[in-house]
Amino acid sequence: MSQTSTLPPDGRQEDTAPDRRSWPVRRGLLLESGPQRRLALGGFVNQLGTAAFLATAPLYALRVIGLPLGQVGLGLGVAGVVGLLAGPPVGHLADRRGPRGVFLVTLLIQAASMLSLLFAHSFTAFMVSMAVTDLAGASGGAARGPMIRRFGGDEVPKFRSYLRSTAFLASTFGALAAGVVIQLDSGSAYRALIVANALTFVGCAVVVLRLPELEPLPAATGSNRWLALKDKPYMAFVVLDGILWIQGEVVTYALPLWVVLHTQAPRWFTGVALAVNTVMVVVLQIRTSRGIKGGQVAGRATRRAGLAFLLGMAVIATAPGLPGWAAAAVMTAGVAVHTVGSLWHAAGSLELRFRLAPAHAQGQYSGVFGIGMGLCYTVAPGLLGLLCLGWGAPGWLAMGGVFVAAGLAVPLVVRWAGRSRELSA
C-alpha cells in the first residue's frame, strides 16, 4: 500500500526540524551569536560601569578631592554641556570614516580620562577630566548609532529595544554596586570604582574589536557636517522628543521626593517604584516594540505615550492625604501606567530616530538626537521640581499636559518629514 503525505494548504513541506537554539535565545533573553549580540554585550559592560560611576561621582568630588558642593555642581554641569556639543561633528566623522574605528577611539579616551580622575586634586583638574569623559561619551553615542542601524538590519526597532532593556538591567546592577561603595564611603572604595569603570571601557573596546568593519555609505550630493541641523522636520522631532524624554526623570527624580515630602507612604516605597519601572522595561520593551515599524506607526505610538503619561501622573498626584498603604498602592498603579507610556515612547522615538535620518548620515543625526536627550536631562530636575514638587497635584497634571501636547505634535512632524523623504507607513 502506498503512503500519502499531507501537505499544508500552500503546498510547501513544513519544517519539522527541532529548534536547536539555546533556551535563552529561544526566549529572547539572549541574541543569537553575531554582531548584534557583541554590540549588546559591549553596551551592557559600558553601561554597567557608567551607571555605578555617575551615582558616586559627586561624592568622590566631595569626599576625596575635597571640593565644595557648588564647585561639584558647576564642574558636572560644564562637563555635560561640553559633551553635548561633540555629537554632530564626531557623528559626521563616523559617517565618513567608518563608525567602528571612531567608537573605539572614544572608548579609549574615556578609559584614560576616567583614570585621570585619580590624580585630580583641584576643581580645574576635576572639571577637565569630567568634560573629556562626557565629550568622549557623547561622541561614542553618535558613532554607535550607525552601527545599531546597520547591524540591526530589518529589525532595528526590536534590536534597539533589546539594547534599551539590557542598558536598564546594567544600570540596575551598577546602582547596586554604587550603593555598596557609598555605604563603605572610603577613598579607596571610590577609587576602586573609578578603576573598575575605566576597565569597562576597555572591556567594551575588546568586544567592539570583534565587530565587522563597516564601510562608509555614499553621501548624497551636497551632504555636509551640518546637514542634520538644517533638517527642520528632524530638528522639530528632536525638540518634541527631548520634551518627552523628561518622562524618564519622573520616576527616578520627582517621585522619590514626592513620596518623602508630600505623602504618607513609607520611604522604602521609592525602591519598589524603581523596581516596578525597571522590571517592566526589561521584560516588556522588546514585546512592545513589535509592530512599531514605519514613521506613521511610530508617531501614533508616541501619541499614545503622551496620554499614558498624563494618566499615570494624574494617579500619582492623588497620593497626598491618603493612608500610607493606600498612597503606596495608588502610586504603584500610577508608576505602572507611566511605564507603559515610556515603553511606547521609547519604541516610537527610537524608530523615528533612525527612520527620519538618511542612511549615509546616521552618525551625524545620532549626534543631534543625543543633544535633545542631553538637554532634557539638564532641564528635567528644575522643571519637575517647579511643577510637580512646587505646585503639587496641579503641577503633576500640568507636566502631564506638556507630555500630551508633545505626543500629539509628533505625528504632525512625521507627516511634515514625509514630504521630503520616503517613510514607510
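**Exercise 1. Characterise the contacts and overall make-up of the chain.**

Step 1. Take contacts (heavy atoms within 4.5 Å) between residues at least 6 apart in sequence: 84% of them join residues at least 24 apart.

Step 2. Note the basis. This is a predicted model, where local features need pLDDT of at least 70, side-chain atom pairs count only at pLDDT 80 or more, and totals for chains, interfaces and linings use all residues. Residues are numbered from 1 along each chain as its sequence is written, and side-chain values use heavy atoms, with hydrogens and water left out.

Step 3. Count the secondary structure. The chain has 15 helices and zero strands. Helices (H or I, at least four residues) and strands (E, at least two) are DSSP runs, numbered from the N terminus.

Step 4. Add burial. Of the 425 residues in the chain, 48% are buried. Buried means under 20% relative accessible area, exposed over 50%, partly exposed in between (1.4 Å probe, protein chains only).

**Exercise 2. Describe helix 14 and its packing against helix 13.**

Step 1. Helix 14 covers residues 362-390 and has 29 residues. From first C-alpha to last it reaches 40 Å, close to the 42 Å expected at 1.5 Å a residue. The expected span is 1.5 Å times one less than the number of residues.

Step 2. Look for a bend. A kink of about 40° lies at Ala 380, shortly before Pro 381. The bend is the angle between axes fitted to the seven residues ending there and the seven starting there.

Step 3. Check what follows. Just after helix 14, Gly 392 has a positive phi of about 75°.

Step 4. Bring in helix 13 (residues 324-355). The two helices pack at about 140°, with axes 9 Å apart. Helix 13 is therefore oblique to helix 14. Angles under 35 degrees count as roughly parallel, over 145 as roughly antiparallel, 65 to 115 as roughly perpendicular and the rest as oblique.

Step 5. List the contact residues. Helix 13 supplies Ser 349, Leu 350, Arg 353 and Phe 354; helix 14 supplies Gln 362, Ser 366 and Phe 369.

**Exercise 3. Find the partners of the buried residues of helix 12.**

Step 1. Helix 12 spans residues 295-316. Its buried residues include Gly 295, Ala 305, Phe 309 and Ile 316.

Step 2. The buried residues pack against helix 9, helix 10, helix 13, helix 14 and helix 15.

**Exercise 4. Is Asp 185 buried or partly exposed?**

Step 1. Asp 185 lies in the loop between helix 6 (156-184) and helix 7 (187-209).

Step 2. Asp 185 counts as partly exposed because its relative accessibility is 32%.

How values were computed. Axes fitted to C-alpha atoms, helices over the stretch in contact; angles between N-to-C directions.
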